[in-house]
Amino acid sequence: MLYEKSCGAIVYRKSHGNTEILLIKHVNSGHWSFPKGHVETGENESETAYREVKEETGIDVILDTSFRETVYYFPKKDIQKEVVYFLGKARHFNYRPQKGEISDVRWVEIGHASSVLTYENDKTIVNKARSAIKDRMS
């Protein structure tokens, strides 16, 4: 069994009184998810998450590592993948999709995100993130 680890973030912003999160669409698979990527040698989880958000979207974030959600799945036979997500408050809102990797980037109202996201794991994480963001903003 091969093991892979990735880290990313649920990037959010306040816009016109609404909480929005940033979703990305992958070129190869066409699925909608959150920015994430493989941990590189010498990086910790939060360094990976920050780098991947910046590479895939061009957005700088303030990471909140007290929110840490992990999902496990099998992308291929004999490969187990672990993905760790943090919250990331966007420092600015203008995105720039990573060429060759990301076909679309979109700010989505957090209550509407489940209808855009492809995977159930991501929909579950959005609900947890929604509660966590609400707590941080009150």
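Is His 16 buried or exposed? In the predicted model, His 16 is exposed, with a relative accessible area of 81%. The residue belongs to the loop between strand 1 and strand 2, and the sections below place that loop in the context of the whole chain.

The chain comprises three helices and seven strands. Read from the N terminus, these elements follow the order β-β-β-β-α-β-β-β-α-α. The radius of gyration is 14 Å, close to the 14 Å given by the globule rule for 138 residues, so the chain is as compact as a globular protein of that length. Along the principal axes, the C-alpha atoms occupy a box of roughly 45 × 30 × 30 Å. Of the 138 residues, 46% are buried. Among contacts with a separation of 6 or more, 67% join residues that stand 24 or more positions apart.

The surface and the charges of the chain were also examined. An area of about 7500 Å² is exposed by the chain, and carbon and sulfur atoms supply 46% of this area. The side chains include 21 positive and 20 negative ones, with a distance of 4 Å between the centres of the two sets.

Helix 1 spans residues 45-57 and therefore contains 13 residues; the distance from its first C-alpha to its last is 18 Å, close to the 18 Å expected at 1.5 Å a residue. The buried residues of this helix are Glu 45, Thr 48, Ala 49, Arg 51, Glu 52, Val 53, Glu 56 and Thr 57. They pack against six strands of the chain, namely strand 1 (2-15), strand 2 (18-26), strand 4 (36-38), strand 5 (61-76), strand 6 (79-90) and strand 7 (102-109). After the helix comes Gly 58, which has a positive phi near 80 degrees.Two residues of helix 1 illustrate its setting in further detail. Thr 48, located in helix 1, has a relative accessibility of 0% and counts as buried because this value falls under 20%. Beyond residues up to four places away in sequence, Thr 48 touches Cys 7, Gly 37, His 38, Val 39, Glu 40 and Glu 43. Glu 55 is likewise found in helix 1, but its relative accessibility is 35%, and Glu 55 counts as partly exposed. The C-alpha atom of Glu 55 lies 28 Å from that of Lys 77, a residue 22 positions away along the chain.

Attention then turned to the loops between strands. Most residues other than glycine have a negative phi. In His 16, however, phi is positive, near 55 degrees. Gly 17 also lies in the loop between strand 1 and strand 2. With a relative accessibility of 64%, Gly 17 counts as exposed, because this value is over 50%. A separation of 25 Å divides the C-alpha atoms of Gly 17 and Arg 68, which are 51 residues apart along the chain. A positive phi also occurs at Asp 78, another residue other than glycine, with a value near 65 degrees. Asp 78 is part of the loop between strand 5 and strand 6. Its relative accessible area is 46%, and Asp 78 is partly exposed.

Further contacts between residues distant in sequence were found in the C-terminal elements. Thr 118 is placed in the loop between helix 2 (113-116) and helix 3. The relative accessible area of Thr 118 is 37%, which makes this residue partly exposed. Although Thr 118 and Trp 32 are 86 residues apart in sequence, their C-alpha atoms are 5.4 Å apart in space. Apart from neighbours within four places in sequence, Thr 118 is in contact with His 31, Trp 32 and Lys 123.

Lys 128 is located in helix 3, which covers residues 120-137. At a relative accessibility of 40%, Lys 128 counts as partly exposed. Lys 128 and Glu 69 are separated by 59 residues in sequence and by 8.6 Å in space, C-alpha to C-alpha. When residues up to four places away in sequence are set aside, Lys 128 touches Phe 67 and Glu 69.

Key: Residues are numbered from 1 along each chain as its sequence is written. This is a predicted model: local features need pLDDT of at least 70, side-chain atom pairs count only at pLDDT 80 or more; totals for chains, interfaces and linings use all residues. Side-chain values use heavy atoms; hydrogens and water are left out. Helices (H or I, at least four residues) and strands (E, at least two) are DSSP runs, numbered from the N terminus. The radius of gyration is taken over C-alpha atoms; the globule rule is 2.2 Å times the number of residues to the power 0.38. Buried means under 20% relative accessible area, exposed over 50%, partly exposed in between (1.4 Å probe, protein chains only). Contact means heavy atoms within 4.5 Å. Accessible areas come from the Shrake-Rupley method with a 1.4 Å probe; for residues, only the protein chains shown count as cover. Lys and Arg count as positive and Asp and Glu as negative; His and the chain ends are not counted. The place of a charge is taken as NZ of Lys, CZ of Arg, CG of Asp or CD of Glu.
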